[in-house]
Amino acid sequence: MPNNTRSGTFHMQDEYCVLTSGKCQQGGWEFVNYSLGYDVQTEDHAHSVFHTHKDAFEDMWEQRVKELNDNDHEVHLNVSGYTFAYKPYVSPEQSDYIKEAVLSCDRLGIWDENISPILYEEFGSYIAGETSAEDCAKHIQNRVSIVLSEQS
């Protein structure tokens with residue numbers, strides 16, 4: 001999330017590339033542009049809320065907030081084996097904050113096979129109320145430090 005000194009990090013689901021040594025670079029770029037276009041990103045099968053096309057993101061975000069604020073809507077979330085159910089409400093201020101956070105992302109994060117599972121596991125314990133935020137952060141710091149020391 002952004003703060004006063006930096007903006008956010010975006011984690012991707014799909015990646016595209018066009019090889020400089022490829023025989024059909026123009027076709028590759030046409031495919032990438034098509035895939036990242038508004039029409040493709042807003043099709044029914046495009047379930048992501050955080051689209052890379054700005055207009056698609058903004059339109060889909062507004063639609064998602066309306067769905068979340070529907071009185072009959074209940075969210076079921078599974079994090080590290082813990083299931084949570086709740087009825088969300090997103091205020092206009094919260095919606096604007098989240099939208100600005102997404103639009104401010106200026107770097108790309110990756111999944112680290114050694115560290116990312118630690119984050120998910122420890123965060124799941126925090127969300128389940130089994131540990132405080134401070135203890136969660138300490139556990140993450142300790143476990144990640146061990147992993148990094150083993151790699152060096």
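Hi everyone. Let's start with F123, which is partly exposed, with a relative accessible area of 42%. Before I go on, please keep in mind that this is a predicted model.

So who is the partner of F123? The ring of F123 pairs with the ring of Y126: the centres are 6.2 Å apart and the planes meet at 40 degrees, so we call this pair tilted. If you want to find the two in the structure, look at helix α5, residues 116-127. F123 and Y126 are three residues apart there, which is about one turn of the helix. Y126 is partly exposed as well, at 33% relative accessibility.

A quick word on how to read those numbers. A pair of aromatic rings is described by the distance of the centres and the angle of the planes. How many aromatic pairs are there in this model? The count is two. In the other pair, F57 and W61, the ring centres are 6.4 Å apart and the planes are at 20 degrees, so this pair is stacked. The reasoning is simple: an angle under 30 degrees counts as stacked, and the F57 and W61 planes are at 20 degrees.

Where do F57 and W61 sit? Both belong to helix α3, residues 54-68, and they are four residues apart, so about one helical turn separates them. Are they buried or exposed? F57 and W61 are both buried, whereas F123 is partly exposed.

Now let's turn to charges. Side chains of opposite charge can pair when their charged atoms come close. How many salt bridges does a search of the whole structure find? It finds five, and I'll walk you through some of them.

We can stay in helix α3 for a moment. E67 and R64 form a salt bridge, with 3.4 Å between the closest N and O atoms. The two are three residues apart in helix α3, so they are separated by about one helical turn. Both are partly exposed: E67 has a relative accessible area of 34%, and R64 has 26%.

Next, K99 and E62. Their side chains meet in a salt bridge at 3.5 Å, N to O. This pair links distant parts of the chain, because K99 is in helix α4, residues 92-103, while E62 is in helix α3, and their positions lie 37 residues apart in the numbering. Which of the two partners is buried? K99 counts as buried, at 16% relative accessibility, since the cut-off for buried is under 20%. E62, on the other hand, is partly exposed at 35%.

Then we come back to helix α5. E121 forms a salt bridge with R143, and their closest N and O atoms are 3.4 Å apart. E121 lies in helix α5 and R143 in helix α6, residues 133-151, so the bridge ties together parts that are 22 residues apart in sequence. E121 is partly exposed, with 42% relative accessible area, and R143 is partly exposed too, at 28%. There is a third member here: E121, E122 and R143 are joined into one network by salt bridges that share partners.

Last topic: cysteines. A disulfide is a covalent bond between the sulfur atoms of two cysteines. How many disulfides does the structure hold? Zero. As for the cysteines, C24 is exposed, with a relative accessible area of 55%, and C105 is partly exposed, at 26%.

Thanks for listening!

Note on methods
Residues are numbered from 1 along each chain as its sequence is written. This is a predicted model: local features need pLDDT of at least 70, side-chain atom pairs count only at pLDDT 80 or more; totals for chains, interfaces and linings use all residues. Side-chain values use heavy atoms; hydrogens and water are left out. Rings of Phe, Tyr and Trp (its six-membered ring) pair if their centres lie within 6.5 Å; planes under 30 degrees apart count as stacked, over 60 as edge-to-face and the rest as tilted. Buried means under 20% relative accessible area, exposed over 50%, partly exposed in between (1.4 Å probe, protein chains only). A salt bridge is a side-chain nitrogen of Lys or Arg within 4 Å of a carboxyl oxygen of Asp or Glu. A disulfide is a pair of cysteine sulfur atoms within 2.5 Å.
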